[in-house]
Amino acid sequence: MNTHTIDGLPVKDAKKSVILHITANDVKKGMIKNPASCAAALACKRELGATEAHVHKSRTYLRFNGHWVRYQTPNSLQAEIVAFDRGGKFEPGEHRLMKMNPARLKPRKTGPKKGKGKKRSGYHVVKNIRPMALVS
């Protein structure tokens, strides 16, 4: 059962992928480091009819009729987000917001594997980009 909420509204996983077309006008009006007002969020509202959109590096949340729908943000859009948030150009184009992959919904195990005695090495954190999603 999905118990995640945003602003008190339930979050449902997308059942199918959708194509998003980001235009030059979306890019012109988009704001850096702002998941609710970036070029991709503006395109989601314009093209998919979402009343609100939050586009983060790994997840995209679209608000429709009192609930949110969660998509996986594609690698192609992740690259544009990083470039845009760091002051580079966001290229207009087509991106597929992907339905949630059930394997990615399971919590990840962290720390050393039992019996191995090895610590996991650190991982790279991409800095100077928009904040993570606030999902409870």
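**Packing around helices α2 and α3**

The buried residues of α2 pack against β3 (18-22), α1 (24-29), β4, β5, α3 (75-85) and β7 (93-97). The model is a predicted one. Helix α2 itself spans residues 39-48. Its buried residues are A39, A40, A41, A43 and C44. An α-helix has 3.6 residues a turn, so residues three or four places apart point the same way. In α2, A40 and A43 are among the buried residues, as are A40 and C44. G49 follows the helix. The phi of G49 is positive, near 75°.

Helix α3 is one of the elements packed against the buried residues of α2. Within α3, L77, Q78, E80, I81, V82, F84 and D85 are buried. The list includes the acidic residues E80 and D85 as well as Q78. The cover over the buried residues of α3 includes β3, α1, α2, β4 and β7. Just after the helix, G87 takes a positive phi of about 95°.

Residue F84 of α3 also takes part in a ring contact. The count of aromatic pairs comes to 1. The ring centres of F84 and F90 lie 5.4 Å apart and the planes stand at 90°, so the pair is edge-to-face; planes over 60 degrees apart fall in that class. Both F84 and F90 are buried.

Strand β3 contributes to the packing of both helices: it lies against buried residues of α2 and helps to cover those of α3. The strand has two faces. V18, L20 and I22 form the covered face. I19 and H21 form the uncovered one. Strand β3 pairs with β7 in the antiparallel sense, over 5 bridges. H21, from the uncovered face of β3, has E94 as its bridge partner in β7. Strand β7 is likewise among the elements against α2 and among those covering α3.

A second antiparallel pair is formed by β4 and β5. Strand β4 covers residues 52-55, and β5 covers residues 59-64. The two strands are joined by 4 bridges. A hairpin of 3 residues connects them. In β4, A53 and V55 make up the covered face, whereas E52 and H54 make up the uncovered one. V55, on the covered face, stands opposite T60 in β5. Both β4 and β5 pack against the buried residues of α2. Strand β4 is also part of the cover over α3.

Methods
Residues are numbered from 1 along each chain as its sequence is written. This is a predicted model: local features need pLDDT of at least 70, side-chain atom pairs count only at pLDDT 80 or more; totals for chains, interfaces and linings use all residues. Side-chain values use heavy atoms; hydrogens and water are left out. Buried means under 20% relative accessible area, exposed over 50%, partly exposed in between (1.4 Å probe, protein chains only). Two strands pair if DSSP finds at least two bridges between them. Contact means heavy atoms within 4.5 Å. Rings of Phe, Tyr and Trp (its six-membered ring) pair if their centres lie within 6.5 Å; planes under 30 degrees apart count as stacked, over 60 as edge-to-face and the rest as tilted.
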